[in-house]
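Colleague: I would like to learn how to read strand pairing, charged pairs and sheet packing from a set of coordinates. Could you take me through them one feature at a time?

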Amino acid sequence: MRVHTQGILLMLSLQFNNQSQLTVRRLVTLWLAALLLNGCAFAPWEKSSVSGKTPEERTANAKKQSSAKPEAAIPRKDLLVTQDQSIAELLTEAEKTLKNGQFDEANALYERVIALAPNNVRAISGKASIEREKKHVLRIEEAQKLNSSKNTDAALAILRGVLMENPNNAQALVLQTEIHNQNPLSRIEPPKLKPPFEKPVTLEFRDVSVKMMFEALSRATGINFILDKDIKSETKATAFIKNASIEDAIEMVLATNGLDKKALTETSALIFPNTIQKNKDYKELMIRSFYLTNVSAAQMALTIKTVLKTKDVVTDDRLNMIVMRDTPEVIRIAEKLVAANDLADPEVVLEMEVLEVTRSRLQELGINYPNQISVNSIPRTTTVAAVGGVAVATNATAVTPLTIQNLKHLYDGSFNVSPNPALNFKKTTGDVNLISNPRIRVRNNEKAKILVGDKVPIITTTSTANVGISESVSYIDVGLKLDVQPRITLDDFVNIKVELEVSSLGEKTVTKNGANVYSIGTRNAITQLRLKDGETQVLAGLILDAERKNTSKLPGLGDVPLLGRLFSDQEDSKNKTEIILAITPRIVGNISRPNSEVSEYWSGTETMINDRPQISMPMSGGLRLERELPPQIQPNPVDVQVQPITP
């Protein structure tokens with residue numbers, strides 16, 4: 001800084017004498033000192049002086065500095081910033097270790113955060129999530145053991161509970177997928193009948209009462225049946241079942257006689273008529289809460305009510321949650337509905353490049369001759385005042401009408417020729433390239449707008465009788481406006497609706513009230529595109545081509561071929577503007593198709609919702625039912641033949 005000051009003083013000293021040099025030096029010194037002080041006054045804050053190797057040490061040092069000067073703002077600011085940065089650093093590290101399964105390390109980091117901020121919500125919830133994750137690990141290990149012992153139903157029940165608490169648990173999802181791949185028909189149910197043996201049976205019932213039929217089934221299968229009081233003893237039934245599993249045999253007997261069962265234990269079942277009232281009395285209901293991530297609670301509740309005919313559905317818009325109460329079978333179907341609908345919206349990054357190329361050519365060549373002769377105003381002399389007894393006359397030019405008397409006093413200075421003769425030889429070339437390269441990220445089926453330009457005020461004048469004149473100002477967008485609305489398909493194509501408008505200010509017009517009004521030139525393009533992910537499409541051809549020729553020439557002489565150019569002035573102008581739009585979509589996170597078990601599954605009958613195929617519609621007894629089983633290795637069947645018992 002001193003070198004520059006001396007240079008300035010040296011340059012100034014060359015312009016003044018010795019006495020002036022001292023004054024100039026003082027003025028310059030004062031000016032530089034004021035400039036330097038002004039620059040220091042507006043200098044940014046100095047770097048924080050808080051130091052420390054660990055977040056706790058930095059926070060402690062910041063607290064000491066703030067306690068030393070409690071009224072100062074900068075130490076207080078350093079304390080707040082340092083504490084916030086320390087907490088953020090520890091939380092980031094804790095979440096990283098928790099994600100890697102290092103529970104003890106993550107718990108220690110959360111404890112350090114709580115020591116700095118005892119009420120930190122993220123740290124408190126993080127410690128709770130660690131305990132939950134530990135329990136999940138133990139439960140997943142138990143599910144793996146059950147799956148190894150071929151008890152897939154119990155394993156899926158455990159995994160279902162884990163995924164209800166943490167739908168993103170990777171180990172539980174992997175094991176669940178593995179079990180479903182091994183046994184696609186496995187289900188999660190409440191207590192289920194498990195006969196003592198798994199060999200197929202053959203049953204023959206001829207005109208036997210229903211109660212005697214279940215008595216015989218109990219002796220043959222080892223399952224205890226409790227009959228509802230409304231089952232009539234005189235009801236007769238006939239059934240022929242060959243080489244069927246015990247569970248399927250019971251289901252066939254129930255279905256063909258209009259009955260249903262409820263498993264009480266693994267070896268006990270309650271048999272009751274399959275009516276609406278009895279189902280209400282015996283079918284236990286579950287309550288399930290669905291915390292939705294992407295789909296709205298109101299829309300999901302409407303889907304469940306429409307498809308599953310469920311009435312007990314409550315929505316919570318605050319938490320984006322729905323609560324439903326229904327049978328376990330309906331709850332399981334609702335889970336699949338939610339899994340198929342609660343998917344994240346795909347997004348797309350639109351890389352756009354807008355180029356506006358303008359070329360202008362202007363050429364003026366020729367002689368500009370006078371085309372008007374006028375008579376100047378006649379000056380007149382007027383005595384203005386007398387100064388020191390002497391009259392002073394001044395010439396005041398006044399516009400007077402041209403009269404015969406004035407024509408007598410005309411002289412060569414009274415005539416004016418315009419415009420002045422001039423030789424024009426000018427050529428102007430202009431090239432303008434405007435480039436806009438916006439890059440935006442848009443959700444599926446949402447609109448995005450881009451404006452690169454200005455908002456031009458438009459003044460509107462309103463005249464009201466007995467009130468006066470009032471003015472209002474409104475603004476319109478002038479420049480580059482681009483509206484896009486993408487729709488992403490599952491095959492990685494993007495359907496884009498594009499609306500492009502390029503506008504510019506034109507000539508200015510002044511109204512009677514003195515307001516300025518501009519003409520606005522616009523060019524619009526509206527189209528719909530279907531582009532592959534990463535494909536670039538160029539939209540061009542929005543061309544404005546203007547060519548103008550103006551010629552000023554002397555009458556007669558200017559019309560002579562070739563020589564007429566000497567008596568004329570010609571102006572040629574060409575303006576050409578072209579708009580080019582290049583657009584490239586980049587899909588971010590497209591929708592992945594759900595698994596087949598979520599896309600297609602059984603839903604029961606019109607009157608009975610169930611997540612498995614029905615053996616038969618409820619009907620009266622006396623019909624023979626045969627079911628074709630899939631090819632499999634069948635062990636030796638157990639033949640059970642029941643003869644009718646006559647009273």
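**Strands, charges and a sheet**

Modeller: Let us start with one pair of residues: valine 349 has arginine 586 of strand 21 as its bridge partner. Please keep in mind throughout that this is a predicted model.

Colleague: Over how many bridges do strand 9 and strand 21 pair, and in which sense?

Modeller: Strand 9, covering residues 347–368, and strand 21, covering residues 568–588, are joined by 20 bridges in the antiparallel sense. As a general idea, side chains in a regular strand alternate between the two faces of the sheet. Strand 9 also pairs with strand 15 (residues 439–443), again in the antiparallel sense, over five bridges, and there valine 348 stands opposite valine 442.

Colleague: Which salt bridge links strand 9 with strand 15?

Modeller: Glutamate 347 forms a salt bridge with arginine 441, with 2.6 Å between the closest N and O atoms. The glutamate belongs to strand 9 and the arginine to strand 15, so that the pair links parts of the chain 94 residues apart.

Colleague: Are glutamate 347 and arginine 441 buried or exposed?

Modeller: The general idea is to compare relative accessibility with two cut-offs, since buried means under 20% and exposed means over 50%, with partly exposed in between. Glutamate 347, at 21%, therefore counts as partly exposed, while arginine 441, at 54%, counts as exposed.

Colleague: How many salt bridges does a search of the whole structure find?

Modeller: The search finds 22. One of them joins glutamate 111 to lysine 127, whose closest N and O atoms are 2.6 Å apart; glutamate 111 sits in helix 5 (residues 103–116) and lysine 127 in helix 6 (residues 121–148), with their positions 16 residues apart in sequence. Glutamate 111 is partly exposed, at 37% relative accessibility.

Colleague: What does the salt bridge between lysine 278 and aspartate 230 tie together?

Modeller: The closest N and O atoms of lysine 278 and aspartate 230 are 2.6 Å apart. Because lysine 278 lies in helix 11 (residues 276–282) and aspartate 230 in the loop between strand 2 (224–227) and strand 3 (236–244), the pair ties together parts that are 48 residues apart in sequence. Lysine 278 is buried at 11% relative accessible area, whereas aspartate 230 is partly exposed at 38%. Both residues also belong to a network of salt bridges that includes Asp228 and Lys229.

Colleague: Which side chain of opposite charge is nearest to glutamate 133, and how far away is it?

Modeller: Glutamate 133, which lies in helix 6, is buried yet has no salt bridge, and the nearest side chain of opposite charge is arginine 132, 5.1 Å away. The cut-off for a salt bridge is 4 Å, so that pair does not count as one. Setting aside neighbours within four places in sequence, glutamate 133 is in contact with Phe103, Asn166 and Asn169.

Colleague: What is the strand order of the open sheet of three strands, and which strands stand at the edges?

Modeller: The order is 2-5-4, with mixed pairing. Strand 2 and strand 4 (259–265) stand at the edges with a single partner strand each, so one side of each is left without a neighbour in the sheet. From one strand to the next, the twist averages 30°. Strand 4 and strand 5 (residues 268–273) run antiparallel and are joined by six bridges, and leucine 259 has proline 273 in strand 5 as its bridge partner.

Colleague: Which helices pack on the sheet?

Modeller: Helix 9 (residues 210–221) packs on the sheet and touches strand 2, strand 4 and strand 5, its direction making about 160° with that of strand 2. Helix 10 (residues 246–256) also packs on the sheet, touching strand 2, strand 4 and strand 5, and its direction makes about 140° with that of strand 4.

How values were computed. Residues are numbered from 1 along each chain as its sequence is written. This is a predicted model: local features need pLDDT of at least 70, side-chain atom pairs count only at pLDDT 80 or more; totals for chains, interfaces and linings use all residues. Side-chain values use heavy atoms; hydrogens and water are left out. Two strands pair if DSSP finds at least two bridges between them. Helices (H or I, at least four residues) and strands (E, at least two) are DSSP runs, numbered from the N terminus. Buried means under 20% relative accessible area, exposed over 50%, partly exposed in between (1.4 Å probe, protein chains only). Lys and Arg count as positive and Asp and Glu as negative; His and the chain ends are not counted. Contact means heavy atoms within 4.5 Å. Axes are lines fitted to C-alpha atoms, for helices over the stretch in contact, and angles run from 0 to 180 degrees between N-to-C directions.
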